[in-house]
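Colleague: I am learning to read structures, and I would be grateful for a close look at one part, followed by a careful walk through some other parts.

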Amino acid sequence: MNDQTDAVVGAGAPERVGVLGGGRMGAGIAHAFVLAGSQVVVVERDLAAADAARERVTQSLRKSVERGWSESLVELEGRIAVALDVSAFDESDLVIEAVPEDEGLKADALARVEAVLGSRATLASNTSSISIDRLAVRLDRPERFLGLHFFNPVPASALVEIVLGEATEPQLANDARAWVEAIGKTPVTVHDAPGFASSRLGVAIGLEAIRMVEEGVASPGDIDAAMELGYKHPVGPLRTTDIVGLDVRLGIAEQLHRDLGDRFAPPQLLRDMVADGRLGKKSGRGFYDWTD
């Protein structure tokens with residue numbers, strides 16, 4: 001186990017970053033830190049998943065190079081590694097958990113990662129709605145834990161939500177803001193509360209838009225146009241739901257329903273679409289047709 005005393009390089013990104021989970025979100029997080037100069041290791045559950053994670057990150061890095069990034073793909077690839085066990089995080093300054101949005105799964109994963117980290121390393125969760133304080137219960141060092149909520153797709157998103165738990169060290173909040181700025185994104189800081197700020201507001205608008213479709217108020221396209229043109233939202237709530245994934249939005253809504261009551265009860269239409277496999281962009285069909 002490494003016992004770091006200096007977890008950041010100057011005011012920039014951490015020198016060594018770990019990402020647990022190499023799906024779309026985890027790969028996007030890894031991409032952001034590689035571009036910022038960090039050495040990044042992604043841990044996945046098996047060889048096939050690790051290979052897929054490496055390919056996701058490589059494809060994303062290739063696009064950055066094609067858009068004019070100053071370093072070559074070979075240089076960038078030299079800063080990414082994949083592994084099959086959390087022991088690969090033992091030298092990490094920061095590890096971000098990016099496993100599916102299930103409280104038990106995340107709590108178990110975080111406890112396993114913490115066990116291999118140095119005492120001054122930082123552990124973060126990419127959760128979009130689960131209480132940071134509840135996740136911290138099983139940790140030995142909750143003062144070194146916080147939420148770093150990235151948005152999908154990570155490379156195109158300008159925002160990271162920093163979520164502070166009751167036990168989070170005050171200085172860690174400042175460090176996290178510096179890290180987020182070092183990867184070229186804008187931090188917003190919130191204290192632990194159901195859905196934080198972004199998910200709570202975003203899901204509230206999204207669920208109401210789904211209810212409007214369910215009630216026949218207007219078409220998805222017209223509802224989205226009303227928000228895009230009338231309120232200057234860059235993307236309407238239903239198209240956003242498709243991009244995020246209807247299954248992901250349903251999971252967040254169910255968590256908020258448990259925490260905050262019936263105002264976040266998922267519409268039956270959302271449940272039906274998820275059951276039917278209409279998950280949005282990733283499945284090719286949601287409120288819109290994405291097959292092209």
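In which helix is the place of Ala136?

Modeller: Ala136 has its place in helix H5, which covers residues 132-136; helices here are DSSP runs of H or I with at least four residues, strands are runs of E with at least two, and both are numbered from the N terminus. What you are looking at is a predicted model, in which local features need a pLDDT of at least 70, side-chain atom pairs count only at pLDDT 80 or more, and totals for chains, interfaces and linings use all residues. Residues are numbered from 1 along each chain as its sequence is written, and side-chain values use heavy atoms, with hydrogens and water left out.

Ala136 is buried, at a relative accessible area of 11%, where buried means under 20%, exposed means over 50% and partly exposed lies in between, for a 1.4 Å probe and protein chains only. If neighbours within four places in sequence are set aside, Ala136 is in contact with Pro142 and Phe145, contact being heavy atoms within 4.5 Å. Leu84 stands 52 residues from Ala136 along the chain, and the C-alpha atoms of the two are separated by 24 Å.

Let us turn to another helix. H1 runs over residues 24-35, and its 12 residues reach 17 Å from the first C-alpha to the last, which is close to the 16 Å expected at 1.5 Å a residue; the expected span is 1.5 Å times one less than the number of residues. This helix is mostly covered, since 11 of its 12 residues are buried, among them Met25, Ile29, His31, Phe33 and Leu35. Just after H1, Gly37 takes a positive phi of about 100°.

Two residues of H1 deserve a slower look, and His31 is one of them. His31 is buried at a relative accessible area of 4%, and, not counting residues up to four places away in sequence, His31 touches Val57, Ser60, Leu61, Ser64 and Pro155. The other is Phe33, which belongs to the one aromatic pair that the structure holds. The ring centres of Phe33 and Phe150 are 6.5 Å apart and the planes stand at 65°, so the pair is edge-to-face; rings of Phe, Tyr and Trp (its six-membered ring) pair if their centres lie within 6.5 Å, and planes under 30 degrees apart count as stacked, over 60 as edge-to-face and the rest as tilted. Because Phe33 lies in H1 and Phe150 in strand S6 (residues 145-150), the pair ties together parts that are 117 residues apart in sequence. Phe33 is buried, with a relative accessible area of 2%, and Phe150 is buried too, with a relative accessible area of 2%.

Phe33 also appears among the contacts of Ala13, which, with neighbours within four places left aside, include Ala36, Ser38, Trp179 and Ala182 as well. Ala13 lies in the segment before strand S1 (16-20) and is buried, with a relative accessible area of 10%.

After strand S6 comes a loop that leads to strand S7 (159-164), and Pro153 lies in this loop. Here a cis peptide bond joins Asn152 to Pro153, with omega at about -5°.

Further along, Phe196 is found in the loop between strand S8 (186-191) and H7, and its phi is near 55°, a positive value in a residue other than glycine. Helix H7 (residues 198-214) packs against helix H11 (residues 268-275) at an angle of about 90°, with their axes 8 Å apart; axes are lines fitted to C-alpha atoms, for helices over the stretch in contact, and angles run from 0 to 180 degrees between N-to-C directions. That makes H7 roughly perpendicular to H11, a label for 65 to 115 degrees, whereas under 35 is roughly parallel, over 145 roughly antiparallel and the rest oblique. Leu207, Ile210, Val213 and Glu214 of H7 make this contact with Gln268, Leu269 and Leu270 of H11.

Helices H8 (residues 220-230) and H9 (residues 237-244) pack at about 110°, with axes 7 Å apart, and are therefore roughly perpendicular to each other. In H8, Pro220, Ile223, Asp224 and Met227 meet Pro237, Leu238 and Arg239 in H9. The charged end of Arg239 sits over the ring of Tyr288, 4.0 Å from its centre; this label asks for NZ of Lys or CZ of Arg within 6 Å of the ring centre and within 35 degrees of the ring normal. Between H8 and H9, in the loop, is Lys232, which has a positive phi of about 65° although it is not a glycine, and which counts as exposed at 67% relative accessibility.
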